[in-house]
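Please open the model in your viewer and keep the sequence panel beside it. We will go from stop to stop, with a selection to make at each one.

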Amino acid sequence: MAKAKEKQNAKRNDESRSTSASGVGVNLAGLMAVITGALACLIALRRRTNSGEAYPFERLVTWVEKAGGIVSSKVEYARSTDKGALLKARDAISQGELLLLIPDNVQITDASIRTNQLALARHVDGIADLSLNHKGVALMTTWLASQYGKYTGDAASTGDWRAFWDLFHPPSSMPFYQGKKELMYLFGSFEHRALDRYEFWYTRDHGLIVEDCKRSPGTCEQSVSDMDLGSFQAMSQFVLSHAIKGADGKPRIAPIFDLFNHAPEVDSSLHYHVDENGSVEVTAKHDILAGQELTISYGRRSNPELFGNWGFTDPPYAEPYWSVRIFTEKLAERAFPELDASDLDVDLRLATPWSRALGAGESDSADVTLQTLQEELRLGKGTVPSLLEAVEGIVGFFLAWHRQDRVIAEFVHVLQDNRARDPGSSVWWARYPEHPSAARHLQEDADLSHPRRIGFWNSTAVRVKMSEYLCVLAYEEALQHLRGELPVDRAMAVSLDLAASLLRRLPTAERATLPGAGAPSTDEGEDLG
């Protein structure tokens with residue numbers, strides 16, 4: 001066989017040396033075909049990206065597909081000046097089309113780390129009183145930070161995960177990383193206080209994990225002992241902002257999926273869900289044009305909640321409800337000095353019902369937060385306020401502050417002017433009569449809180465604080481209505497819905513003291529006992 005091949009090669013060489021002018025043309029045509037083929041391969045290789053990060057994204061896609069996942073060739077990676085990394089449609093996409101299927105075996109979860117890094121899991125589990133130990137976050141954060149340290153030292157040492165790290169960008173846009181000047185816009189909001197708490201708890205948890213590892217070097221890898229605070233903080237913020245909740249209620253990081261940006265529910269282009277096997281499936285909600293960004297909704301959340309988790313806000317006309325954050329020890333200190341709140345959850349919220357304009361949600365957001373407050377009050381010691389008294393204290397505390405807050409003074413005046421013409425209005429972002437328009441682009445043009453008008457951080461602070469203000473204002477009006485002090489035609493629509501939510505939670509005895517409560521609700525509130 002070898003001799004036969006040698007003869008064939010010799011014959012080809014002789015023929016090549018005697019090539020005619022026409023043969024040269026044939027060879028040139030062949031060369032052009034090779035070049036064309038190479039270009040086609042290059043285009044195919046870059047088919048999902050228009051940035052210099054083509055190859056990392058392709059490697060990430062290849063890894064996911066080898067693991068049994070699906071990544072549509074219509075999904076393209078890109079970077080923008082204002083959003084950073086994003087995914088968009090390379091070609092037109094049809095409603096219901098499957099775009100992603102990310103299997104469980106390439107996701108970062110508490111369970112996967114425990115399977116592959118048992119020693120690390122035992123080490124973290126053995127440290128008492130970690131603030132991040134909720135739902136496995138401490139273990140995920142520690143693993144991510146240690147792996148990122150390995151990657152920055154020797155990228156190849158992270159194996160298949162290198163493609164993930166090649167596209168990783170620390171979440172530097174999160175509020176945690178902003179300067180004092182920017183964050184002063186939020187002063188007075190408990191969202192501002194939360195950022196100080198992050199700094200304290202991250203530093204504390206990092207110290208506990210690293211020092212314990214150094215004391216017992218055989219229990220964890222060197223990368224954990226070498227884990228720096230900055231990486232630990234970054235990964236804590238990354239889990240907070242990029243993880244989705246699985247069927248077990250625990251967070252999980254799904255590569256590629258974590259690159260989708262948020263859009264309000266009514267504007268987002270994609271559906272996603274996590275199936276019983278942990279796979280994340282993404283389909284198109286509607287037809288999508290080529291070049292459009294692919295977005296998901298991070299859930300129906302108020303602007304304070306969006307800010308706390310991701311550092312941005314939605315336009316006020318797309319906000320599904322309003323909320324205010326409460327630190328129980330501060331509330332007890334200011335409004336209920338005889339309440340021992342040491343056994344209460346530190347961090348609670350009050351919220352209004354879902355916006356009628358955006359449709360009902362899976363549950364009443366007001367009822368959920370009222371129930372949580374009610375349950376926490378049962379754990380209080382000393383002189384414990386009733387649910388009604390607690391709500392009154394929260395309303396009084398926050399309204400006193402927000403009504404003197406200069407950051408939102410202009411927008412509170414706009415709200416007051418609008419309500420002078422239409423008492424049921426809750427529009428603060430546009431002057432009457434501009435705001436009744438249902439056209440989204442017209443609402444955006446009229447939005448006085450748009451970042452184009454007042455800057456990103458000022459816009460963010462205004463939207464957070466106005467959500468808080470409207471939340472407690474709605475509670476004040478609900479209480480006034482239930483006491484018979486505020487007629488229906490003078491209240492915001494959401495205040496009337498909130499009055500119904502309050503009635504569902506109030507014990508019978510408290511409900512009976514409210515002249516505006518009317519006939520007892522068929523959904524009896526629970527007694528605090």
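What follows is a short tour that starts with the whole chain and then turns to sheets, loops, helices and a pocket.

**The whole protein**

Keep in mind at the start that this is a predicted model. Show everything as a cartoon: the protein has 21 helices and 15 strands. Now switch to a surface, which exposes about 25,100 Å². Colour that surface by element, and carbon and sulfur atoms account for 53% of the exposed area. Of the 529 residues, 50% are buried. If you draw contacts between residues at least 6 apart in sequence, 66% of them link residues at least 24 apart.

**A four-stranded sheet**

Next, select β1, β4, β10 and β9. These 4 strands make an open sheet, in the order β1-β4-β10-β9, with antiparallel pairing. Which strands sit at the edges? They are β1 (70-71) and β9 (270-274), each of which pairs on one side only.

Stay with β9 and add β10, residues 280-284. The two run antiparallel and are joined by 5 bridges. Two pairs are worth showing as sticks: H273 stands opposite E281, and V274 has V280 as its bridge partner. Follow the chain around the turn, and you will see that β9 and β10 form a hairpin with 5 residues between them. Click on G278 in that turn: its phi is positive, at about 90 degrees.

**A three-stranded sheet**

Now select β5, β7 and β6. They form an open sheet of 3 strands in the order β5-β7-β6, and the pairing is antiparallel here too. The edges are β5 (108-109) and β6 (244-245), each pairing on one side only. Zoom in where β5 meets β7: 2 bridges join these antiparallel strands. For a pair to label, take I108, whose bridge partner in β7 is I253.

**Two loops with positive phi**

Most residues other than glycine have a negative phi. The next two selections have positive values.

Start with D129, in the loop between α5 (118-125) and α6 (137-153). Its phi is near 65 degrees, a positive value in a residue other than glycine. Is D129 buried or exposed? It counts as exposed because its relative accessibility is 57%, and the cut-off for exposed is over 50%.

Then go to I256, in the loop between β7 (251-253) and β8. This residue, also not a glycine, has a positive phi near 75 degrees. Is I256 buried or exposed? I256 counts as buried because its relative accessibility is 0%, where buried means under 20%.

**Two stops on helices**

Select α9, residues 190-215, and pick out H192. H192 counts as buried because its relative accessibility of 16% falls under 20%. What does H192 touch, leaving aside residues up to four places away in sequence? Show L183, L186 and F187 to see these contacts.

Move on to F456, which lies in helix α19. F456 is partly exposed, with a relative accessible area of 42%. Add G311, F312 and P451: F456 touches these three, not counting residues up to four places away in sequence. For a distance to draw, choose the C-alpha atoms of F456 and T313, which are 9.8 Å apart in space although the residues are 143 apart in sequence.

**The second largest pocket**

Our last stop is a space between residues. The second largest pocket holds about 1,600 Å³ of space. To find it, select D82, K83, N261, H262 and F312, the closest to its centre among the 48 residues that line the pocket. F312 is one of the residues that F456 touches.

Which elements give two or more residues to the lining of this pocket? Colour β3 (84-89), α11 (229-242), β8 (261-262), α17 (440-446) and α19 (456-482) to see them. You have already visited α19, the helix of F456.

To finish, colour the lining by residue class. The lining of the second largest pocket divides into 21 nonpolar, 17 polar and 10 charged residues.

Note on methods. Residues numbered from 1 in each chain as written. Predicted model: local features only at pLDDT ≥ 70, side-chain atom pairs only at ≥ 80, totals over all residues. Heavy atoms only, no water. 1 Å grid on protein atoms, 1.4 Å probe; cavity = no way out; pocket = protein on both sides within 12 Å on 5 of 7 lines; lining within 4 Å. Points joined across faces, edges and corners; volume = space filled by probe spheres on them. Nonpolar A, V, L, I, M, F, W, Y, C, P; charged D, E, K, R; others polar. Buried < 20%, exposed > 50% of the residue type's maximum accessible area, 1.4 Å probe, protein only. Contact = heavy atoms within 4.5 Å. Areas by Shrake-Rupley, 256 points an atom, 1.4 Å probe, with all protein chains shown as cover. Pairing = 2+ DSSP bridges.
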